[in-house]
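Here's a quick briefing to get you oriented. Take a look at the sequence and the model first, then read on.

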Amino acid sequence: MGIFKRKVKNEVEETKVDENQVDDILLKALMNGEEIGRNEALTIPAISSAIGLITDSFAMIPFKLYKKTIKDGEKQTTEVEDKRVSIINKETKDTLDGFQFKKAICEDYLLGKGGYAYINKKGNDFIGLNYIEQNKITILKNTDPIFKNFQLQINGENYKSFQFIKLLRNTKDGASGTGYITEINKTLQTAYKRIIYELALMKSNGTKKGFIKSQSRLDTKGMEELKKSWNDYVSGASSCVILNNGMEFQEASNTSVENQLNEKSKTFAEEVKEIFHIGKNNEDFIRHAVMPIAIGFATALNRDFLLEKEKESFYFAPDFTELAKTSIKDRYEAYHLAIGDGWMTRNEVRYKEDMDALEGLDMINLGLGDVLLDPKTKKIFIPNTNTTYPINEETNTSNSKKGGVNND
């Protein structure tokens, strides 16, 4: 019995992996039975590429401040020059500039419990935005499911919720959200198993798994010499293995798990694109992957980066012009439609393209072949003939009999 126990113990020692010798953080996590974390996920090229594409695109978007007014009974919207716009897009008064700030808060939105920024404010004067890593924040919530309330704790100090910009994904309480790392952790673990398989193959220098068959029984010394020679070959210390007469190597066929991992490696990148809503063209990508985050950030700004008295008439909104600049053809076609339909002037287009205004290009284009309806006066205007007449059955009947229209 004692000999049998020693034999089993020796076999276990031979197959045991020393965790301290494993440098790969993904392999360590899986060996310990841990869930995949943010740092581990970003070591996967497909994940890192998708996150980088979305966060860089979001960081390119300038956020502007607008004011709604009513002049002569008409609703008007005017862009407002305010230092809060500069704080968001350029100088945050933190160590991060505007681009870095938006990129960081977007990454926390996608992978963590949310993106948070402290509103540096003195009285009603907005000073800056200070980004805080989401893992530095502790959420303190009450237990009332109806009248929900919470505070944010940082370094043992409690803060009110309105002191922060909060960009949250899939939140149910307005305090913290759910990142992709939590939602697709099992999928990521499957991808990591594939990485481990490839890592093991690399460590064996691409050597195929298999068996050494011997026609005669080897003694202890011969077995040890064969093991040492084979281990040296697999580790790269030796370039060949010399098998004695009567010995041959038989390659082991791939298991079903190995075949599944090989197939998964071909489709994982496409699955990542679907998960992060990265479409086949730029328009789909902006609409599904970037625009929801931008609208969510603008909503968060409107809630906490405006004074209460401003909320009725002021609002922040993203300007997607910068993203449209990625394609000159698409951008110019959009400008052509905007000018032709009469809701942009040529100087407004030049402004968006960072060019000086030119005299005479502030006119609105009106197609003379159009028929324009004023819903307030119930009158139709035809620019081509410079005629106006009211919409009613009597007028239409009279005009048809006379063969003409009434001129104002």
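Let's start in strand 6, where Gln151 is the bridge partner of Leu140. This is a predicted model, in which local features need pLDDT of at least 70 and side-chain atom pairs count only at pLDDT 80 or more, while totals for chains, interfaces and linings use all residues. Residues are numbered from 1 along each chain as its sequence is written, and side-chain values use heavy atoms, with hydrogens and water left out.

**The chain overall**

- The chain has 15 helices and 14 strands; these are DSSP runs numbered from the N terminus, with helices being H or I of at least four residues and strands being E of at least two.
- Of the 408 residues in the chain, 32% are buried (buried is under 20% relative accessible area, exposed is over 50%, and partly exposed lies in between, with a 1.4 Å probe and protein chains only).
- Take the contacts (heavy atoms within 4.5 Å) between residues at least 6 apart in sequence: 56% of them join residues at least 24 apart.
- The chain's accessible surface is about 26,600 Å², and carbon and sulfur atoms account for 51% of that (Shrake-Rupley method, 1.4 Å probe; for residues, only the protein chains shown count as cover).

**The sheet around strand 6**

- Three strands make an open sheet in the order 5-6-7, with antiparallel pairing (two strands pair if DSSP finds at least two bridges between them).
- Strand 5 (138–141) and strand 7 (157–160) are the edge strands, each pairing on one side only.
- On average, neighbouring strands of this sheet are turned by 35° against each other, direction ignored (axes are lines fitted to C-alpha atoms, for helices over the stretch in contact, and angles run from 0 to 180 degrees between N-to-C directions).
- Strand 5 is joined to strand 6 (residues 150–154) by four bridges, and Lys141 sits opposite Phe150.
- On the other side, four bridges link strand 6 and strand 7, with Gln153 opposite Asn158.
- Strands 6 and 7 form a hairpin with two residues between them, and Asn155 in the turn has a positive phi of about 55°.
- Which side chains of strand 6 are buried? Phe150, Leu152 and Ile154 are, and they point to one face, while Gln151 and Gln153 point to the other and are not buried.
- In a regular strand, side chains alternate between the two faces of the sheet.

**Strand 1 and its partners**

- Strand 1 (residues 63–71) pairs antiparallel with strand 11 (residues 314–318) over five bridges, and there Tyr66 partners Tyr315.
- Strand 1 also runs antiparallel to strand 2 (residues 74–80), with seven bridges joining them; Lys68 stands opposite Thr77.
- The hairpin of strands 1 and 2 has two residues between the strands, and Asp72 takes a positive phi near 55° there.

**Helix 13**

- Helix 13 (residues 328–340) has 13 residues, so at 1.5 Å a residue it should span 18 Å, and its end C-alpha atoms are indeed 18 Å apart (the expected span is 1.5 Å times one less than the number of residues).
- Arg331, Tyr335, Ala338 and Ile339 are buried in helix 13.
- Seen down the axis, those buried residues fall within an arc of 95°, so they line one face of the helix (the arc is that of the directions from the helix axis to the C-beta atoms).
- The buried residues of helix 13 pack against helix 12 (321–324) and helix 14 (346–352).
- Turned away from the buried side, the face of helix 13 carries the exposed residues Lys329, His336 and Leu337.
- Gly342, just after helix 13, takes a positive phi of about 85°.
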